[in-house]
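Student: Before anything else, please settle what the word "domain" stands for here. Then I would like a close look at a single part, the sheet, with enough of the surroundings to place it.

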Amino acid sequence: MTAPDRSRSIEAIWRIEFPRLVAGLTRFTRDLSAAEDLAQDALVAALEHWPRTGVPERPGAWLMTTAKRRALDQLRRVKMLDRKHEQLGRELDERPDTRADELDTSLDDEYGDDMLRLIFVTCHPVLSSDARVTLTLRLLGGLTAEEIARAFLAPVTTIEQRIVRAKRTLAEARVPFETPRGPERDERLASVLNVIYLVFNEGYAATRGDDWLRPALCEDALRLGRVLAELAPAEPEVHGLVALMELTSSRARARVGPAGEPVLLLDQDRGRWDQLLIGRGLAALARAEALGGARGVYALQAAIAACHARARVAAATEWTRIVALYDALAALVPSPVVELNRAVAVSMAFGPAAGLELVDALAAEASLAGYHLLPAARGDLLDRLGRFDEARAEFARAASLTRNAREQKVLLDRAAACGTKR
Amino acid sequence: MRVMVIVKANKDTEAGIMPSEQMLTEMTNYNEQLVKAGIMLAGDGLKPSSNGARIEFSGKKRTVVDGPFAETKELIAGFWIWQVKNFQEAVEWAKRCPNPTGEESVLELRPFFEASDFGDELTPELREKEQRLAKQMKEQAAAKR
C-alpha cells in the first residue's frame, strides 16, 4: 500500500468510527466539545502509529482506548477524575503491553445507548433549528464543516461558528447526556425526527434543478433515519419517517426531465422508480404499522406515498384510499397545504367538481397567498371541467408566483395547452 | 453512492458446502453491523451454478446453457448492495467482513452508475454553475489558510 493509499484508508476508517467515538467519549468526559477534540486527536495518533504497526484488528476499539487514555491524562491534570475514571486508569496502567484494541470491550455494548443519547443531545430544543441540523450532520452524519457548507450553500466560517456556538449553548445550558424518558421522550423524539426530515427536504427540494450537489443530503438523512431505526426499533414514527424517505427517494430519477424541468408525479416514467427503495419503504411502513403506528404523522404520509408506489401506472392509483389517509392527516396536522393535497386527491377519486369545491374554500387562506401550487391545482381542475379560459388564467397566475424558471415554463406550457387535445 | 459487493465463488460454494455454525454467526453479526450503520440496502446468497443457467446471445440467436459452469473463479456466490459516502468507505467495510467462504475468498466491489454520470440531469447551465460554486469554495478555503 502506498503512503497516500494508507492515509486514505485510515481516514475512511476514522470517518466510519467518528460518531461512535464522539458518543462514547461524551459519556466518558461529559463534555461534547472535549469529546470531539479527543476523537480528532485519536485520528492523529492513528495516522502516526498505524503505518508502522499496521491497522489494528479492531480499529474502533483502538481509537476509543487511545482517546480515553488521553482524556484521563487531561482530567488528571485538572484533577477532575472520579472513581470510574480512576478505575479505568488503573486498568490501562496495569496492562501496558496489551494491544489498545483488546482493552476496550465495552465498546459494542454501550454503543447503541451512547449513539441514541448523542442524537437526543444534538437535536436538543435549546438549540435553534439550524444549530440542531448542523450539529447532527457534523457529529452523527460525520460530515465535515466544508461538506455541510457546500450542501447548504453557506460559507464555511458560518457553519464552523454555528458548530462552536451550538456546543457552547449545550454546555452553558448543562444539557445532560442522557436519553429522555416518559412524556418528554415523545417530544424530544419528534425533534430528532424533525431534524432528519429537514435535512431530507433540503436535499429533495434541491433536486428540482437548482443545484445537483445537494441531493446527497437525502442520502445523509436516509442513513441517519436507518441508523435511528436500529437504535430505537420500538418507535413506530421512526419507521414511518424512514418509510417516507425511502418511498420519496424512490422517485428521484423520474422527477426531473431532460431539460432539468420538474415532472409531476402522475406524469413520471414509473420505470425509473427505484424498486429497491420502494421495497424498503414498504417494509419500513409495515414495521411502523405492526407497532401500532399507522396513524402517525410520518406513517400517514408514507402510506400515501406507498399508494403511489404500488400503482404500476398512474391510472391504477387507489385514490379513495389516499383521500382517507389525507382525512386522517388533516385531522392530525390541520394545514392548508394538507387540505390542498387532499382536494387534489378528492378530485381524482370523486371528480374535478368535488375537488374544485374544496380548492375554492382555500382561496381565502392567507398562508397560501403566494403559493403557486394553489392556482396550479385550480387551473388543472378547471381544465378538466372544460372551463379553459379560467384554467389558462390560473396557470398564468401560478407561473407568476414561482421563482423557479423551469417550473414557470411548465406552467406556461400548461396554460397554452388548455383546450387543445393532450 | 451505491456499491455492489460481490462474493466470488470457489470450489466450496460451488459444491454447496454450507458454512459452519461459527461462520454463520459471524456473518449474521457482520450483517447486523451493516444494518446498524445504515448502509445495508440489500444482500443475499446465491445457489451454486449447478442450479443456474446462462442465456448466450449471438446476434439474433439465443442459446440456453444449464449450469454448472467450469470457470469457478469467474462465478459469484452472493452479493450486497451498500449505500456509502464514497468508495473508500465501502472498501473499509468490506475488509471487516468475516472471511465469507472460510479460506481463500474474494470480494469484488463495483460502484453503481449514478444519474449524474449520465449527465441527463446536468444541463450546461447547471454544470457551469456547479463549476463556479466549486471554484468559489476552493477560493474561500484557500483564503482561510
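Tutor: The domain bounds used here come from an automatic or database domain assignment. The model itself is predicted. For chain A, that assignment gives domain 1 (3–99), domain 2 (108–174 + 183–217) and domain 3 (233–302); domain 2 is thus written as two segments. The C-alpha centres of domain 1 and domain 3 of chain A are 39 Å apart. Along the principal axes, the C-alpha atoms of chain A fill a box of roughly 85 × 50 × 40 Å. Chain A has 20 helices and 0 strands, which leaves the sheet to be sought in chain B, where there are 6 strands together with 5 helices.

In sequence order, the elements of chain B read β-α-α-β-β-β-β-α-β-α-α. The sheet is open and is built from 4 strands of chain B, in the order β2-β5-β1-β6. Within that order β5 stands between β2 and β1, while β1 stands between β5 and β6. The pairing is antiparallel. At the edges are β2 (40–45) and β6 (107–111) of chain B, each of which pairs on one side only. From one strand to the next, the twist averages 15 degrees.

Inside the sheet, strand β1 (residues 2–8) of chain B runs antiparallel to strand β5 (residues 76–83) of chain B, and 7 bridges join the pair. One position can be picked out in this ladder: B:Arg2 of chain B stands opposite B:Gln83 in β5(B). Helix α3 (residues 87–95) of chain B packs on the sheet, where the helix touches β1, β5 and β6 of chain B. The direction of α3 makes about 160 degrees with that of β6(B). In the chain B pattern, this helix comes after β5 and before β6.

The sheet can also be set against totals for the two chains. In chain B, 75% of the contacts with a separation of 6 or more are between residues 24 or more positions apart. For chain A, 61% of the contacts between residues at least 6 apart in sequence join residues at least 24 apart. As for burial, buried residues make up 16% of the 145 residues in chain B, and 44% of the 422 residues in chain A.

Note on methods. Residues are numbered from 1 along each chain as its sequence is written. Chains are lettered from A and ligands numbered from 1 in the order in which they are written. This is a predicted model: local features need pLDDT of at least 70, side-chain atom pairs count only at pLDDT 80 or more; totals for chains, interfaces and linings use all residues. Helices (H or I, at least four residues) and strands (E, at least two) are DSSP runs, numbered from the N terminus. A residue is buried if 20 or more other C-beta atoms lie within 10 Å of its own, exposed if 12 or fewer, and partly exposed in between; C-beta atoms are placed from the backbone. Two residues are in contact if their C-beta atoms, placed from the backbone, lie within 7 Å. Two strands pair if DSSP finds at least two bridges between them. Axes are lines fitted to C-alpha atoms, for helices over the stretch in contact, and angles run from 0 to 180 degrees between N-to-C directions.
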